[in-house]
Amino acid sequence: MVALAKDGEYLTTQNMSPAILAAAPRRAPNGGGFFPGGATLKDKVESLERQLVGEVLLRHRWNQSRAANELGLSRVGLANKIKRYDLGETA
């Protein structure tokens, strides 16, 4: 990034390679919240769903009954999402 920046210019995402930008976690343009990645609407929805399920599981310390209740899912539905998104307590 430093090599690409002009003298006195602040380093921004414009100085990053496309590969680094693609791998970086995405945030909403206003600087807060999660901005789902993906090319299609389906990809974006899955990205957002994975993020939300993971956050709720962490908040409830992986108590799947409480997490499922908060998400409005059955325990089986939550278990299916955990498996689908390859979530684990260490993830």
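The legends below describe close-up views of a predicted model.

**View 1. Helices H3 and H4 cross at roughly 95 degrees.** Two packed helices are described by the angle between their axes and the distance between the axes. In this view, helix H3 covers residues 64-71 and helix H4 covers residues 75-84, and their axes come within 9 Å. The crossing angle makes H3 roughly perpendicular to H4, because angles of 65 to 115 degrees are placed in that class. On the H3 side, the contact is made by Gln64, Ser65, Ala67, Ala68 and Leu71, whereas H4 contributes Arg75, Leu78, Ala79 and Ile82. Sorted by class, the residues of this contact are 6 nonpolar, 2 polar and 1 charged.

**View 2. The two ends of helix H3, with Asn63 at the start and Gly72 following the helix.** At the start of H3, a side-chain oxygen of Asn63 reaches to within 3.1 Å of the backbone nitrogen of Ser65, and Ser65 is also one of the H3 residues that take part in the contact with H4. At the other end, H3 is followed by Gly72, which has a positive phi, near 75 degrees.

**View 3. Lys81 of helix H4 in a salt bridge with Glu49.** Side chains of opposite charge can pair when their charged atoms come close. Here the closest N and O atoms of Lys81 and Glu49 are 2.9 Å apart. Lys81 lies in helix H4 and Glu49 in helix H2, so the pair ties together parts of the chain that are 32 residues apart in sequence. With a relative accessible area of 18%, Lys81 is buried, since the limit for that class is under 20%, while Glu49, at 24% relative accessibility, counts as partly exposed. When neighbours within four places in sequence are left aside, the residues in contact with Lys81 are Glu49, Val53 and Leu73.

**View 4. Glu46 and Arg84 form a salt bridge between helix H2 and helix H4.** The closest N and O atoms of Glu46 and Arg84 are 2.5 Å apart. This pair links distant parts of the chain, with Glu46 in helix H2 (residues 41-59) and Arg84 in helix H4, 38 residues apart. Glu46 has a relative accessible area of 22% and is therefore partly exposed.

**View 5. Tyr85, in the segment after H4, is in contact with Glu46, Glu49 and Arg50.** These three contacts of Tyr85 are listed with its neighbours within four places in sequence left aside. Although Tyr85 and Arg50 are 35 residues apart along the chain, their C-alpha atoms are separated by 6.3 Å. Tyr85 counts as buried because its relative accessibility is 9%. Two of its contact partners also appear in the preceding views, where Glu46 forms a salt bridge with Arg84 and Glu49 forms one with Lys81.

**View 6. Glu70 and Arg59 meet in a salt bridge through their side chains.** The N to O distance in this pair is 2.5 Å. Glu70 belongs to helix H3 and Arg59 to helix H2, and the pair links distant parts of the chain, 11 residues apart. At 41% relative accessibility, Glu70 counts as partly exposed. The count of salt bridges in the model comes to 3, and they are the pairs Glu46 with Arg84, Lys81 with Glu49 and Glu70 with Arg59.

Note on methods. Residues numbered from 1 in each chain as written. Predicted model: local features only at pLDDT ≥ 70, side-chain atom pairs only at ≥ 80, totals over all residues. Heavy atoms only, no water. Axes fitted to C-alpha atoms, helices over the stretch in contact; angles between N-to-C directions. Helix = DSSP H or I, 4+ residues; strand = E, 2+ residues; numbered from the N terminus. Parallel < 35°, antiparallel > 145°, perpendicular 65-115°, else oblique. Contact = heavy atoms within 4.5 Å. Nonpolar A, V, L, I, M, F, W, Y, C, P; charged D, E, K, R; others polar. Buried < 20%, exposed > 50% of the residue type's maximum accessible area, 1.4 Å probe, protein only. Polar contact = N/O pair within 3.5 Å; in protein donor to acceptor, adjacent residues only side chain to side chain. Salt bridge = Lys/Arg side-chain N within 4 Å of Asp/Glu carboxyl O.
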